[in-house]
Amino acid sequence: MEINLNEVIKQFKAKDYRHFDDFYDKTNRQVYFSIIQIVKDDDIAKDLMQDTYMNFINKIDQFKLGGNVYAYLSTIGRNLSINYYNKNKKEIHSEELFETIPSNEVVKEKDDQDILDLLNFLNKDQREVVVLHTINGLKFKEVAKIMDKPLGTVLWLHKAAIDILKTKVGDTDEK
Amino acid sequence: MKNKQMIQMIKKKAQAKQVPNVLNELKEKLNIEALNQPEVILESKPRFNFKALYASFTFVLALSIVLVISLFYQSPSLNLLEDSDYGDHVILSAISTTEIAGSNETLNLETSMVLVDDNPEDDYVENQIDDVLKYSEMIETLLMNQQAFEKTVLKSDKDNYEYMLRFSFYDLNDDQITYTLYYRQLINHENQTYVIKAELVTQNESYALDIEGELEKQAFEMTYHINQQESIKTTYQKSDIRNEFIVTRLYQNEIIQESMITYNNKNQVNLSFIRGEAKGNYEFTLDQSLPTQKGMNIRYQINNIDEGSISIKVDMQNREQFIIEIRPDHRPPSVIERERPYGPPKRDEPGNPNMPNRGN
């Protein structure tokens, strides 16, 4: 049965968590991708996913009913990931967690490529636009707000990202 | 590879990605088990209750009286939707309702987590185009059909409805589109009012529409309940020369989005966003410059920040897609592709699950 997220959030505001499982099932992918594209480590992502949901629940009164919960959760996940990165960059810079240099490799076996491998072909900003718009389904306008960039820049980043991915994997996808 | 295929590939791979599950940890942190007490269902033993029996009898009697009165008031000769002008505007309202009902509203990022200010680019037309396209099928239908729609009234094959009405008209490809609407009507001659219970049925979904109005007025109000909290209300009224639709989306009876569609004749249709995220005024006209590829031209203005023109054409390589050329007056032009609302009729297939009764 399709759940009504607004109704569930209304229940959360009243400290009623009966439908938390449904809420989690509906939103966990967006939260995960908003985090993993920055921290690139599943263990860290797991911790930050928990922090994201706890942050959301603890500040549930700030969420306006009728708002886009996916954009809201993506924003929390992204902000927490950037904070984590900033706090830990001295220790983890060698892992290239955030400022990944785009790979120049050409994908040969597209079916074996994980989505994260594909995203690795992009720079940080391109990757973020693809995650927030294409994967998490946010409008360009929302992505621009979250990234604090002009809309035109976001549109351009998305186009550049798709062009790069087409070059890297496009030719192997033709049937 | 086309952009659309690339985007689909990204989505497919994202969907296939194994996401770590932290649900149990979260439930532990939230202490959900303790908070979520199992429901105790108390079953009372059935007992004979004279009061309940009496109440049931009274209810059935009252219902019978109401039914007899309603049958008395119902005119066997008058079929409201057979009136050409009235019926056409009902079906146009139903078309816009089904498109808006399928979209997510409203987007609100005004929270402490997003500490960025509005900037003028928010008003650029690129940000409004998805909202504009929600009305494109309704406006396309108006522009492409200068004459009244073809209508066939049949006896309903559904128990709850009296009539089944088939409407036919043409889309931008000159393909004939057919919609079927089931309905029953209740006319109160004493008050000169009526209520129509209608249902627009698609392959997977049906849209229950309530229509109310006064007999002598060229006006009605159509309501579709998305769920207990949300609804879409469309009011139509006609003055001497102007036809006006006001479409509102309500959440807990509060208007969260409002738009207006007006036209004096079917050569130009205006769309204005009044409340909600979408902004601007849009004047639609039919583009017949290419005989084999009709389209729509739009002149737009958004809050004195952005103005210009838009050309919408059906992609001849993929008729489920629009090619949209945006030509702002003071910015560089751009071309984008968007999925066409409902797309063209698929005559060779039993039915597109997202299309209301089209092309049969």
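**Getting to know chains A and B**

Q: What phi does K40(A) take just after α2(A)?
A: K40(A) has a positive phi, about 55°. This is a predicted model, in which local features need pLDDT of at least 70 and side-chain atom pairs count only at pLDDT 80 or more, while totals for chains, interfaces and linings use all residues. Residues are numbered from 1 along each chain as its sequence is written, with chains lettered from A and ligands numbered from 1 in the order in which they are written.

Q: What makes α2 of chain A a helix?
A: A helix is a DSSP run of H or I with at least four residues, numbered from the N terminus. Helix α2(A) covers residues 20–39, so it qualifies under that rule.

Q: How do you know that helix α2 of chain A has a kink?
A: The bend at a residue is the angle between axes fitted to the seven residues ending there and the seven starting there. In α2(A) the kink is about 50°, centred on T27(A).

Q: Why is α2(A) called mostly covered?
A: Of its 20 residues, 14 are buried, and a residue is buried if 20 or more other C-beta atoms, placed from the backbone, lie within 10 Å of its own.

Q: What makes two residues count as in contact, and how many does each chain bring?
A: Their C-beta atoms, placed from the backbone, must lie within 7 Å. Chain B brings 43 residues and chain A 55. On the chain B side, α1(B) gives the largest share, nine residues.

Q: What is the mean pLDDT of chain A?
A: It is 81, with 82% of residues at 70 or more; pLDDT is the predictor's confidence in each residue, from 0 to 100.

Notes:
Helix = DSSP H or I, 4+ residues; strand = E, 2+ residues; numbered from the N terminus. Buried ≥ 20, exposed ≤ 12 C-beta atoms within 10 Å, placed from the backbone.
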